[in-house]
Amino acid sequence: KQILIINGPNLNLLGKREPDIYGNRSFVDYLKTVEALFPDVQLRYFQSNHEGELIDKIHELGFDADGIVINAGAYTHTSIAIADALAAVTAPAVEVHISNVHARETFRHHSYLSAKCKGVVVGLGLMGYELAIRSLSEER
Ligand code: DQA
C-alpha cells in the first residue's frame, strides 16, 4: 500500500508554532514513529505553503496511491480548488486536523474538503494521522 500524507501551510512549523494548540513535536520527528508503526505501508510525505503545489501533488500521486491523508491547514476553510482536486483523483482521502477546529473560531468550523473525504479526524493531536493511515491501509 502507498499512502500520501499532505500537510498544508504553516504545518512545517509544527513543534514551534503555537505549541499550546499544536504540541511541541515536529512533524518530521513524528513521521519516524509513524513509519515504524506501519512497516508494510509505503508512506510519501509532502508539505507546502502553496495551494497550487498541494493540488499538483494530489494530481501527481492521487491516481496511484491507495490513500491520501490531508491536513490542508487554513486552506481547509477556503479552498474549493483543493476540494476539486480530491474529488478528481481516485485515491480515497481522510482529512486530519490536529486541533479541535469545532472548539475554535467559527471560521474554522467549515471545511470545503470534508465532503470529498472518506472521513475526518479532528482534535486528537498527531495521533489523528495514525488513525487516518490505519483506516486507509486496511481498506480494499
Ligand atoms: C489545522 C486547523 C486549521 O484551522 C489551521 O488553519 C491549521 C491547522 C489543525 O491541524 O488543527 O493550520 O488544520
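Which residues surround the ligand? The close-ups below take that up, starting with the annotated positions; keep in mind that this is a predicted model.

**View 1. The two annotated positions, Tyr22 and His97.** An unreviewed UniProt entry puts its "active site" annotation on this pair. They span 76 residues in sequence, yet their C-alpha atoms are no more than 9.7 Å apart, so they gather at one spot.

**View 2. A closer look at Tyr22 in helix α1.** That helix runs over residues 19-22. Tyr22 comes out as partly exposed because 19 other C-beta atoms lie within 10 Å, while a buried residue needs 20 or more. Leaving aside residues up to four places away in sequence, Tyr22 touches Leu14, Arg17, Ile98 and Ser99.

**View 3. His97 in strand β4.** Here the strand covers residues 93-97. His97 counts as buried because it has 21 C-beta neighbours inside 10 Å. If you again skip residues up to four places away in sequence, the contacts of His97 are Asn71, Val122, Gly123 and Gly128.

**View 4. The shell around the ligand.** Back to the opening question: the ligand is surrounded by Asn10, Asn71, Gly73, Ala74, Thr76, His97, Ile98, Ser99, Val101 and Arg108. So annotated His97 is part of this shell, and Asn71, which His97 touches, is there too. Ile98 and Ser99, both touched by Tyr22, also appear in the shell. By residue class, the shell divides into 3 nonpolar, 6 polar and 1 charged.

Terms used:
Residues numbered from 1 in each chain as written. Predicted model: local features only at pLDDT ≥ 70, side-chain atom pairs only at ≥ 80, totals over all residues. UniProt positions renumbered as here; feature names shortened; annotations may be inferred. Helix = DSSP H or I, 4+ residues; strand = E, 2+ residues; numbered from the N terminus. Buried ≥ 20, exposed ≤ 12 C-beta atoms within 10 Å, placed from the backbone. Contact = placed C-beta atoms within 7 Å. Near = placed C-beta within 6 Å. Nonpolar A, V, L, I, M, F, W, Y, C, P; charged D, E, K, R; others polar.
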